[in-house]
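I opened the structure viewer and kept these notes while going through the chains. The entries follow the order in which I looked things up.

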Amino acid sequence: MLTGWQSVAIFQIEGEVIAMTKYTSNLLRGNTDMLLLGLIDEFKTTHGYQIIKEVEKRSNGLFKLKEGTIYPVLRKLESEGLLKGEWKATSSGPERRCYSITQKGREVLCHRRASWENFSNAINLVFKTGEV
Amino acid sequence: MDTVFRNYLCQVRARLHLKEELENQLISELSSHFYEKTSELKKQGLSDEEAAKKAIESFGAPEEVAQLLYEACSKGSMKDALKLSTPHFIVAALFASGLLHNFQVVLPAFGVVLVVAVSGWWRGRPDWLYSWIGYALMPLFAGVFLLLPVIQQVIMALFYGGSLPATGLLIGAVAFFLMALWIILTISVQVIRRDWLIASLMLAPVPIIACWLFHMHYGGGILGGSEFVHLNQPIAQALMVLGFTSVLFIRLRQRIIKTGVIITVSIISMMMIGQSFWGDIGFFGLMGLSLVSLTIFILPAITEALIGQGEPLSDRQ
């Protein structure tokens, strides 16, 4: 369902993995949808700014989203019925658009997580076999 | 709001080409993000200017953000695609069946097109509406075309002497000519403000129908036409191709591909029509028809560049 149109939030990779930037960036691009769905599922309802901060924090600053580019991904997920967005008033400052995951989004996330785990397990198994 | 960020949002908005309501929402979302970001940076000790500068840098280039937002939000459903292509298929069916000269069929058909176009215009102008508007304008295009000899006669009489047409005909012709032009231009400009590419798609049948009118008019009269039945099939085919192009247009996400598809189809359709109507028209004939298609395609883009696109940012945004 999420294939065909690549996730487009652009990551900037920092730290010691500069030589792997392109490779890692491609890996991340293919999984941005899953990362965002996972975070939104965990927070129940959240907004773009908080997601960016959380991604950066949890990756120890390794994944830095170009901030304007997260909204196309959120909108695409919303148009596919995986997220639901609604405007909420804040105590100070302008209204925020907050996103929550839908039942369909949860099912897709579950499927994507299982695929990711199978894939990474398979990679680890191949490397392990090579060591033996 | 910071002036630099306001300029940034203007640059994003100018490239969005989405429905006004959706554009407002997206711009508000970016504004709200900017507010949070600058507030946090100011808490860290940055000045207003430094915070704004840093926040803008973190957003990414406006062209890139606008392009990604367009690709995320512009794709319509299959239902919308079918609605967009329906008027092409209706008119193609009229040509293919040879019923275009039967007013008992043509008038109700254009009545339906007109009702859908007008009601859609007042109900939020969905993306599938614009082909209906294009065909709703077609009788006006045809009227203007038919009145060209009368207008030509008036101009000749005014500048070079000669007899004017009868007063009643003259007043009626000039009134219709001006009213039709006003309606066509007003509606076209509003569609161009929404998105010049949609306007180009809306106007895509115009050169095809104009070729048909031209051929009929100078070949013995538009209202008779039984000797021109052989022209119906190529016109129907060209309109069918436009119908399928509309489906592609609404289903594709990338603007550059949409543009390429419309240009290619418009040029090929005109070449097909040229070959069918006038036989072997040679290299320069084909080039001429391609140029006509390209001009009609590019005209909305030029107009948008002159008049600007969309609404300015409100203070709230």
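I call a residue buried when its relative accessible area is under 20%, exposed when it is over 50%, and partly exposed in between. With that settled, I looked up chain A of this predicted model and found that buried residues make up 44% of its 132 residues.

**Entry: overall layout of chain A.** I found five helices and five strands in chain A, and reading from the N terminus I noted their order as β-α-α-β-α-β-α-β-β-α. Looking at contacts in chain A with a separation of 6 or more, I noted that 56% of them join residues 24 or more positions apart. For the surface I wrote down about 7400 Å² exposed by chain A, with 55% of that supplied by carbon and sulfur atoms.

**Entry: the sheet.** Which strands form the open sheet, and in what order? I read the order in chain A as β2-β5-β4, three strands with antiparallel pairing. The edge strands are β2 (46-47) and β4 (83-88) of chain A, each of which pairs on one side only. Helix α2 of chain A, residues 32-43, packs on this sheet and touches β2, β4 and β5 of chain A, and its direction makes about 95° with that of β5(A). Between β4(A) and strand β5 of chain A, residues 96-101, I found six bridges, with the two strands running antiparallel; as one bridge to check by eye, I picked A:Lys84, whose partner in β5(A) is A:Ser100.

**Entry: a nonpolar patch.** On the surface I found a nonpolar patch formed by A:Trp116, A:Phe119, A:Ile123, A:Val126 and A:Phe127, which together have about 520 Å² of accessible area. I looked more carefully at A:Phe119, which lies in helix α5 of chain A, residues 103-131. Is A:Phe119 buried, partly exposed or exposed? Its relative accessibility is 48%, so I entered A:Phe119 as partly exposed.

**Entry: positive phi outside glycine.** I noted two residues under this heading, one in each of two chains. A:Lys44 is not a glycine, yet its phi is positive and near 70°; I placed A:Lys44 in the loop between α2 and β2 of chain A, and I count A:Lys44 as exposed because its relative accessibility is 57%. In chain B, B:Arg125 also has a positive phi, about 45°, although it is not a glycine. B:Arg125 sits in the loop between α6 (103-122) and α7 (130-136) of chain B, and with a relative accessible area of 25% I entered B:Arg125 as partly exposed.

Technical notes
Residues are numbered from 1 along each chain as its sequence is written. Chains are lettered from A and ligands numbered from 1 in the order in which they are written. This is a predicted model: local features need pLDDT of at least 70, side-chain atom pairs count only at pLDDT 80 or more; totals for chains, interfaces and linings use all residues. Side-chain values use heavy atoms; hydrogens and water are left out. Helices (H or I, at least four residues) and strands (E, at least two) are DSSP runs, numbered from the N terminus. Buried means under 20% relative accessible area, exposed over 50%, partly exposed in between (1.4 Å probe, protein chains only). Contact means heavy atoms within 4.5 Å. Accessible areas come from the Shrake-Rupley method with a 1.4 Å probe; for residues, only the protein chains shown count as cover. Patches are made of residues with over 30% relative accessible area and no salt bridge: like charges are joined within 9 Å, nonpolar side chains (Val, Leu, Ile, Met, Phe, Trp, Tyr) within 5 Å. A salt bridge is a side-chain nitrogen of Lys or Arg within 4 Å of a carboxyl oxygen of Asp or Glu. Two strands pair if DSSP finds at least two bridges between them. Axes are lines fitted to C-alpha atoms, for helices over the stretch in contact, and angles run from 0 to 180 degrees between N-to-C directions.
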